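Me: I have a protein model open on my screen and I'm not sure how to read it. Could you walk me through some features, one at a time?

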Amino acid sequence: MTAVGIDAIEIHTGKLRVDLAETFAPAKGESPEKYTKGLGLNASSFPDTYEDIVTMGANAARRLMERHGLSPSDIGRIDVATESAFDNSKPVSTYIAGCLEQVFDGDFHHANKGERKFACISGTQSLDDAYNWIKAGRNRGRSALVVATDTALYARGDAGEATQGAGAVAMLIDEDPDLVELSTEQGYGSADETDFLKPNQQFPSVDGKRSVQVYLARMREAVEDYESVAGDIHPEDFALLPFHTPFPGMVRKAAALAYRHMIRDTAIEEELADEIGRQPRFEAFDSDEAHREAMSEYTDRLVDTDRYREWYAEVVDPTLTVSREVGNWYTGSVHVARISGLKHALENDIDLAGRRLGVASYGSGAQAEVHAETIQDGWAEEIAALQVDEQLAARRDISFEEYERIHDVHNHDVDRQAEDVEEFTTPSGEFVFDGWGRMGERKYRFVE
Ligand code: COA
């Protein structure tokens, strides 16, 4: 069977940075530790005045294509995953293709283009679409370009303002991939939920606390569904577990539940029993509530054990490093977690070829998906070619007043002409927003 998976990957971060502990927390009258310790975030990325989901996605895709010597004729489909689209009809992928055609010879006239929507999980769904298209033999030897791009902005004053971010991840899906092969097995947990939505509005209506609970509930169902096809999972099965990361604190909660689930009825549970007891079994309790409380107390003891801490430090924490510095990239977030974990392995001389990732995606509304990925021989070369640290370091730090201005620039309800905000950075070698066309379309140009 032909291996299909991610052959190449690139990111583009919004070019502005807000320091959450130093800048945001004081302006909000909050403790910096809410961000650094509670949410696990140091900073958020924001788009400059000339950046949006198209420029960020096109910039990531251009670098990916250049690095791999690709031309438009090598690509048979372009799928964009986003929850920040600005058009209910014309897909963002057409804008991105238009940008790329400005700088590459040839065109994408024979590529199938689309846009995927299901909150943050649509990036992974687009990977799936590409995988299925190639497995079905409809790709004619061509690759698929998947771009997950978002400006994760919340209304001013909303609790979600703490977890904002902006950036794009571009991925090339192909046969015999250099980075990871995707498993055929998948698990889903999906239900009609009202935790986060944008009913014809730019900024989300969010029930933040509920969204955390829904994330955990759907993720549990996805894991059980995955196990029903792939067999029970164990902590040693995966070198890294990249989760959807709206903020690292969310993953801290999810990882504890995942580990608890994986060690149930295993030698690890027995080995830990002297120290923290065995896991409370449902049958031993009179009510759901009593069982839940006992489980929660067990989990608190579990996460304090050396065994858990070592596992978390090796398998989960490395996936959170980039997220801590950029915030939530919605559709791109789980793909940033994959990059972050692999980058950590590369920097620490850990050879991952042949090992597996357990990838756990989530989108509000709500759906979780779990699948495995096998790391390929070319992984280290691909990850070494990324310039994540350089991009993060090149961002311009902005003050809280500047943050307020840039939030207004990207707020569709604020009259842009009246705003007249100067750009904070000078674009170079990238696509920029270039004003509006006669039918209200957005225009773009490449700046040398
Ligand atoms: N020191 C250490 N930790 C602190 C702290 C301090 N001084 N102050 C607060 N914290 C902790 C809180 O205990 C909490 O952690 P916990 O959940 O483990 O208890 C965390 O920091 C966040 O604080 P909280 O008061 O809950 O923040 P909030 O009311 O601003 O809401 C979200 C947080 C995530 C609900 C909110 O940002 C949100 O709605 N985000 C968007 C939706 C989202 O991302 N959902 C996730 C699923 S996709």
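**Reading the model, feature by feature**

Reply: Let's start with one residue and its surroundings. Setting aside neighbours within four places in sequence, Val447 is in contact with Pro427, Ser428, Gly429, Glu430 and Val432. Keep in mind that this is a predicted model.

Me: Where does Val447 sit, and is Val447 buried or exposed?

Reply: Val447 belongs to strand E15, residues 442-447. The cut-off for buried is under 20% relative accessible area. Val447 has 15%, so Val447 counts as buried. For a sense of distance, the C-alpha atoms of Val447 and Ile375 are separated by 36 Å, and these two are 72 residues apart along the chain.

Me: And how does Asn112 read, buried, exposed or partly exposed?

Reply: Partly exposed is the label for values between under 20% and over 50%. With a relative accessible area of 46%, Asn112 is partly exposed. You'll find Asn112 in strand E5, residues 112-116. Leaving out neighbours within four places in sequence, Asn112 contacts Gly76, Arg77 and Ile78.

Me: What about a residue in a loop? Which loop holds Glu161?

Reply: Glu161 is in the loop between strand E6 (143-152) and strand E7 (165-175). Its relative accessibility is 1%, so Glu161 counts as buried. Again without neighbours up to four places away, the contacts of Glu161 are Phe24, Lys28, Tyr154, Ala155, Arg156 and Tyr403.

Me: Tyr403 is in a helix, I think. Which residues of helix H15 are buried?

Reply: First, the general idea. An α-helix has 3.6 residues a turn, so residues three or four places apart point the same way. Now the case here: in H15 (residues 400-409), the buried residues are Phe400, Glu402, Tyr403, Ile406, His407 and Val409. They span an arc of only 165 degrees around the axis, which puts them on the same side of H15.

Me: Can we try another helix? Which residues of helix H8 are buried?

Reply: In H8 (residues 267-276), they are Ile268, Glu269, Leu272, Ala273 and Ile276. Looking down the axis of H8, you'd see these buried residues fall within an arc of 150 degrees, so they line one face of the helix. The face turned away from the buried side of H8 carries the exposed residues Glu271 and Asp274.

Me: What covers the buried residues of H8?

Reply: The cover includes H7, helix H9 (288-302) and helix H10 (306-316). While you're there, look just after H8: Gly277 takes a positive phi of about 85 degrees.

Me: Which residues that are not glycine have a positive phi?

Reply: Asn200 is one of them, with a positive phi of about 50 degrees. Asn200 is in the loop between strand E9 (196-197) and strand E10 (205-206), and Asn200 is exposed, at 76% relative accessible area. Asp349 is another case, with a positive phi of about 55 degrees. Look for Asp349 in the loop between helix H12 (333-347) and E11. Asp349 is exposed too, with a relative accessible area of 74%.

Me: What kind of peptide bond joins Gly365 and Ala366?

Reply: A cis one, and omega there is about 0 degrees. Ala366 is in the loop between strand E11 (356-363) and strand E12 (367-375).

Me: Now the inside. How many residues does the largest nonpolar core have?

Reply: The general idea goes like this. In soluble globular proteins, nonpolar side chains tend to be buried together. Here, the largest nonpolar core has 57 residues, and Tyr215, Phe243 and Trp311 have the most contacts inside it. Helix H7 (residues 248-263) gives the most to this core, with 9 residues. A second, separate core has 36 residues, including Val334, Ile339, Leu357 and Ile375.

Me: What does Trp311 touch?

Reply: Not counting residues up to four places away in sequence, Trp311 touches Pro235, Leu241, Ala255, Tyr259, Met262 and Val316.

Me: Last feature, the ligand. How many residues surround the ligand?

Reply: There are 18, and the closest are Ser31, Lys34, Lys209, Ser211 and Lys253. To read the polar side, look at atom pairs. An oxygen atom of the ligand is 2.4 Å from an N or O atom in the side chain of Lys209. For the side chain of Lys253, an oxygen atom of the ligand is 2.6 Å from an N or O atom. A nitrogen atom of the ligand is 2.7 Å from an N or O atom in the side chain of Ser211. On its own the ligand has 950 Å² of accessible area, and the protein covers 67% of that.

Definitions and conventions: Residues numbered from 1 in each chain as written. Predicted model: local features only at pLDDT ≥ 70, side-chain atom pairs only at ≥ 80, totals over all residues. Heavy atoms only, no water. Core = buried A, V, L, I, M, F, W, Y, C linked by side-chain atoms within 4.5 Å. Buried < 20%, exposed > 50% of the residue type's maximum accessible area, 1.4 Å probe, protein only. Helix = DSSP H or I, 4+ residues; strand = E, 2+ residues; numbered from the N terminus. Contact = heavy atoms within 4.5 Å. Near = heavy atom within 4 Å. Polar contact = N/O pair within 3.5 Å; in protein donor to acceptor, adjacent residues only side chain to side chain. Areas by Shrake-Rupley, 256 points an atom, 1.4 Å probe, with all protein chains shown as cover. Arc of directions from axis to C-beta.
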